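Trainee: I would like to learn how to read the inside of a protein model, beginning with a single residue. Could you take me through it step by step?

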Amino acid sequence: MKTKNILKIVCFVSVFSTLQFTSCSESEYLDRVSPTELSDADIFSTPARIEGLVNGIYAALKDANFYGGRLLMFLDAGGEDFINTTVNSFTGFEAWAHTVNSGSADVINVWSAGYTTINNANIVIDGLSDPENAAVVGDQLAAQYIAEAKFLRALSYYTMITLFARPYIDDNGASPGLPLRLQAETSTENNDLARSTVAEVYQQIIQDLDEAESDLPDNYANALLNTTRAHSSTAIALKTRVYLSQANWPRVIAEAQKIVPQASAPFSTTFGVQHALQADPVSAIMIDMTTTESILSMPFTNLDYYSGQNAIGYMYDQNAEYYLNPAGIFGDSQWAETDARRGFLRLNANNGRSFLTKFGNQSPYLIYIPVIRYSEVLLNYAEAAAETGDVTMAASLLNAVHARSDESYTFSNEVLSNSTGLVDAILKERRIELLGEGFRSNDIRRRLQTFPAKSGPTPAQAVAPSASNYIWPISNNELVTNALIN
């Protein structure tokens, strides 16, 4: 990790503003932007400064190269559902073609953004573990802030381990993973740190999420906070994703049942935030971005948004750098013309290509970036149920997600009556439902599948699980500053 980026502690009062201002309007909450640099001797001296540190973790997570959007494009472009048009290394071509190397800007930037988020979380966890600092905000709020930090650290480590290390199921996590940095770093003294195993990193992720679930609130004062801050269901939902990557089907089911307690549709959460599917999937992402379908999203305002090559909407639509691959999920019969999710697409009449509009098509790009949605949890649960032979539950969950977008489509009895057919249909449904939200590459890797070959101006070759470029390499910045990385 390049610790020179954290020699100064920065207190952010940003779009992730105070949890205490319950009387302010949503626009006032979002437009609060006033970063202030503070010394490490002062950062825990007032409630506002402590809160600013927590906001800073969310702000780091929302980096343009992380969950601000570009990371999601890298992860989806690596799959087979998009065709690249520009061969531009600044807009993800190397991720699309599987040609990234340790010196690639995308590798360096994602690595840096991930570890910056992790270190910001460590600063809060370490600082509020001191009773004197915790007393500034009170034990209950201090515990909540630590829980938020642990959740965000877990999300960051999960994102990094699934991209930069071998899939867990390859050898039950015995492969080299990541340097597991769990203390706040404000100097270069501890740069040298060996890689923990994949299994050890996953163990820490689960521990962080279990502890976060216990101390996070069940809900906040309004829909905006419920969408943009971690609450107990957020930690539970992420655990279903983590256990899915380990192919730990029973644990996926156990966690999912906490927020999907019903045995049949309609499914919803019965405590805290009442998470449920919305009738209109397009509106739930592009218009009303704080519905109960959203479990966690990255917000944007007129004072705080990305543009140009930092904006995922610019690359997918306005600059038309990726179009839907006719040989990918776009051309699959499971995604029929009657499906409402076709509303996320724009057809270019001049060349017949379809482009993804899910994140907007012109600046300012203000559509929230979804990180976790309730539909994903239902599909995680469905896949685990199918893998454990519960075809009735799996079929019900799959139908719930698909039917809200296309009631006219009917899965065949052949698909619904056996685990193999259901798993295949569920994996296709993920590609439709979560298109552009950063899932495809990890869905390929976690099941040790081959990345398919793709056509385009510069065709991309297939990448088998045994290939060296199946995962991303460690950042060159880490290689030159960490003597123990290898």
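**Reading the inside of a model**

Mentor: With 12% relative accessibility, Tyr323 counts as buried, because buried means under 20% relative accessible area. Please keep in mind throughout that this is a predicted model.

Trainee: Is Phe355 buried or exposed?

Mentor: The same cut-off of under 20% applies, and Phe355, whose relative accessible area is 2%, is buried.

Trainee: How are Tyr323 and Phe355 arranged with respect to each other?

Mentor: For two rings one reads the distance between the centres and the angle between the planes, where an angle over 60 degrees counts as edge-to-face. Tyr323 and Phe355 form an aromatic pair that is edge-to-face, with 6.4 Å from centre to centre and 65° between the planes. Since Tyr323 belongs to strand 7 (residues 322–324) and Phe355 to strand 9 (residues 354–356), the pair ties together parts that are 32 residues apart in sequence.

Trainee: How many aromatic pairs are there?

Mentor: The count comes to 16 aromatic pairs. In one of them, the rings of Phe164 and Trp472 have centres 6.0 Å apart and planes at 80°, so this pair is edge-to-face. Phe164 lies in helix 7, whereas Trp472 lies in the loop between helix 19 (440–446) and helix 20 (476–481), so the pair ties together parts that are 308 residues apart in sequence. Both Phe164 and Trp472 are buried.

Trainee: Which residues form one aromatic cluster with Phe164 and Trp472?

Mentor: The cluster is formed by Phe74, Trp111, Tyr115 and Tyr157 together with Phe164 and Trp472. Phe74 is one of the buried residues of helix 3, a helix that is mostly covered, with eight of its eight residues buried.

Trainee: Which charged residues sit over a ring?

Mentor: Here one looks at where the charged end lies relative to the ring centre. The charged end of Arg342 sits over the ring of Trp335, 4.6 Å from the centre of that ring, and Lys358 lies over the face of Phe344, at 4.7 Å from the ring centre.

Trainee: Next, how should I read a strand, and in which sense do strand 6 and strand 10 pair?

Mentor: For a strand one can ask how far it is covered and which strand it pairs with. Strand 6 (residues 294–298) has five of its five residues buried, so it is largely enclosed by the rest of the structure. Strand 6 pairs with strand 10 in the antiparallel sense, over four bridges, and Leu296 stands opposite Ile372 in strand 10. In the loop between strand 6 and helix 14 (312–318) one finds Phe300, which at 6% relative accessibility counts as buried.

Trainee: How many cavities of 30 Å³ or more does a search of the whole structure find?

Mentor: The search finds nine cavities of 30 Å³ or more, and the largest cavity holds about 150 Å³ of space. Its lining is made by 14 residues, of which Tyr67, Leu75, Tyr158, Arg241 and Gly438 are the closest to its centre.

Trainee: Which helix gives the most to the lining of the largest cavity?

Mentor: Helix 7 gives the most, with four residues. Helix 3 (70–77), helix 7 (139–164) and strand 10 (369–373) each supply at least two residues of this lining. By class, the lining of the largest cavity has eight nonpolar, four polar and two charged residues.

Terms used:
Residues numbered from 1 in each chain as written. Predicted model: local features only at pLDDT ≥ 70, side-chain atom pairs only at ≥ 80, totals over all residues. Heavy atoms only, no water. 1 Å grid on protein atoms, 1.4 Å probe; cavity = no way out; pocket = protein on both sides within 12 Å on 5 of 7 lines; lining within 4 Å. Points joined across faces, edges and corners; volume = space filled by probe spheres on them. Nonpolar A, V, L, I, M, F, W, Y, C, P; charged D, E, K, R; others polar. Buried < 20%, exposed > 50% of the residue type's maximum accessible area, 1.4 Å probe, protein only. Phe/Tyr/Trp six-rings, centres within 6.5 Å; stacked < 30°, edge-to-face > 60°. Lys NZ or Arg CZ within 6 Å of the ring centre and 35° of its normal. Pairing = 2+ DSSP bridges.
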